[in-house]
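Colleague: I should like to go through this model with you, question by question. Please give the reasoning with each reply.

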Amino acid sequence: MKETLKTWMFLLILSLIVSITLTAVSAGLKHRIEQNLRMVKVRSVLDVLNVPERDGKSDAQLLTLYDAKISTPADASGVYVYQENGQLEAIAFDAIGKGLWDNIKGLVAVERDGQTIRGVRFYEQAETPGLGGEIGMPVFTREFVGKKIHAADGVLRIIKPGVKPVLSDTEVHGITGATLTCDAVNIILKQAIERFQQSRKGQSL
């Protein structure tokens, strides 16, 4: 009986020590994790807006560049305005929503006309590697460049590959074998574009 009690006491104390250690480690890494997540977003915004002189920079230099070139309007959450010498160059906005397996976080950048796409990036996603996960690859995202976020035929959307030989100004080909992920991205893009256009009502772009 005493041996059993000693065993249980030992396990209890060991569990307590492990729990305290993990809590301390988590608290100690929290700031670093938050900083890393922030830098992923900073790099993604600078990248999708194609801001010059961003390559080869340290985190501190990128933050300085970001603060100098990018502003976030108080009345438009998730919008990032890129200016050069006080002149508007482009605007990016968040495109975030539920993917097939987990949340997808992305950005859409438009030229100063507010319609023509400058770039698209999906910087956080957990879609199936080799299938839906291809949304994060340049071979897919560069297909959006030059397209329109909205036109007479509707909003920007992904269509099944091979369905149409000629795409409209708002269409890009999807990824073979990743229909569900592309469907999810279509919903994310549609909602993001609607929020962006709503936020810009009455404002000149």
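The exchange below concerns confidence, salt bridges, aromatic pairs and a surface patch.

Colleague: What is the mean pLDDT of the protein, and which element has the highest mean pLDDT?

Modeller: This is a predicted model, and 90% of the residues of the protein reach a pLDDT of 70 or more. The mean over the protein is 88. Among the elements, helix H1 has the lowest mean pLDDT, 76. The highest, 97, belongs to strand S4 (residues 103–111).

Colleague: How many salt bridges does a search of the whole structure find?

Modeller: Side chains of opposite charge can pair when their charged atoms come close. A search of the whole structure for such salt bridges gives a total of 12.

Colleague: Which residue forms a salt bridge with Lys 41?

Modeller: The N to O distance in this salt bridge is 3.2 Å. The pair links distant parts of the chain, 53 residues apart, with Lys 41 in helix H1 and its partner in strand S3 (residues 87–98). The partner has a relative accessible area of 17%, and because buried means under 20%, it counts as buried. The residue is Asp 94.

Colleague: Are Arg 43 and Asp 59 buried, partly exposed or exposed?

Modeller: The side chains of Arg 43 and Asp 59 meet in a salt bridge, at 2.6 Å from N to O. Arg 43 lies in helix H1 and Asp 59 in helix H2 (residues 59–69), so this pair links distant parts of the chain, 16 residues apart. The relative accessible area is 39% for Arg 43 and 33% for Asp 59. As the class between 20% and 50% is partly exposed, both residues are partly exposed.

Colleague: How many residues apart in sequence are the parts that Asp 47 and Arg 121 tie together?

Modeller: Asp 47 forms a salt bridge with Arg 121, with 2.7 Å between the closest N and O atoms. Asp 47 belongs to helix H1 and Arg 121 to strand S5 (residues 117–124). Asp 47 is partly exposed at 25% relative accessible area, and Arg 121 is partly exposed at 26%. The parts tied together by the pair are 74 residues apart.

Colleague: Which residues are linked with Asp 153 in a network of salt bridges?

Modeller: The network contains Asp 153 and carries both basic and acidic side chains. Its other members are Arg 157, Lys 164 and Glu 171.

Colleague: What is the angle between the planes of Phe 93 and Phe 196?

Modeller: The structure holds 2 aromatic pairs. In one of them, Phe 93 and Phe 196 are stacked, at 4.3 Å centre to centre. The pair links strand S3, which holds Phe 93, to helix H4 (residues 179–199), which holds Phe 196, across 103 residues. Both Phe 93 and Phe 196 are buried, and the angle between their planes is 10°.

Colleague: Why is the pair of Phe 140 and Phe 144 classed as it is?

Modeller: The ring centres of Phe 140 and Phe 144 are 5.3 Å apart. Phe 140 is buried at 5% relative accessibility, and Phe 144 is buried at 0%. The planes stand at 85°, and because angles over 60 degrees count this way, the pair is edge-to-face.

Colleague: What is the area of the nonpolar surface patch that includes Ile 17?

Modeller: Ile 17 lies in helix H1 (residues 2–48) and is partly exposed, at 48% relative accessibility. The patch is made by Met 9, Leu 12, Ile 13 and Ile 17. Its area is about 390 Å².

How values were computed:
Residues numbered from 1 in each chain as written. Predicted model: local features only at pLDDT ≥ 70, side-chain atom pairs only at ≥ 80, totals over all residues. Heavy atoms only, no water. Patch = residues over 30% accessible without salt bridge, like charges linked within 9 Å, V, L, I, M, F, W, Y side chains within 5 Å. Areas by Shrake-Rupley, 256 points an atom, 1.4 Å probe, with all protein chains shown as cover. Salt bridge = Lys/Arg side-chain N within 4 Å of Asp/Glu carboxyl O. Helix = DSSP H or I, 4+ residues; strand = E, 2+ residues; numbered from the N terminus. Buried < 20%, exposed > 50% of the residue type's maximum accessible area, 1.4 Å probe, protein only. pLDDT = per-residue confidence, 0-100. Phe/Tyr/Trp six-rings, centres within 6.5 Å; stacked < 30°, edge-to-face > 60°.
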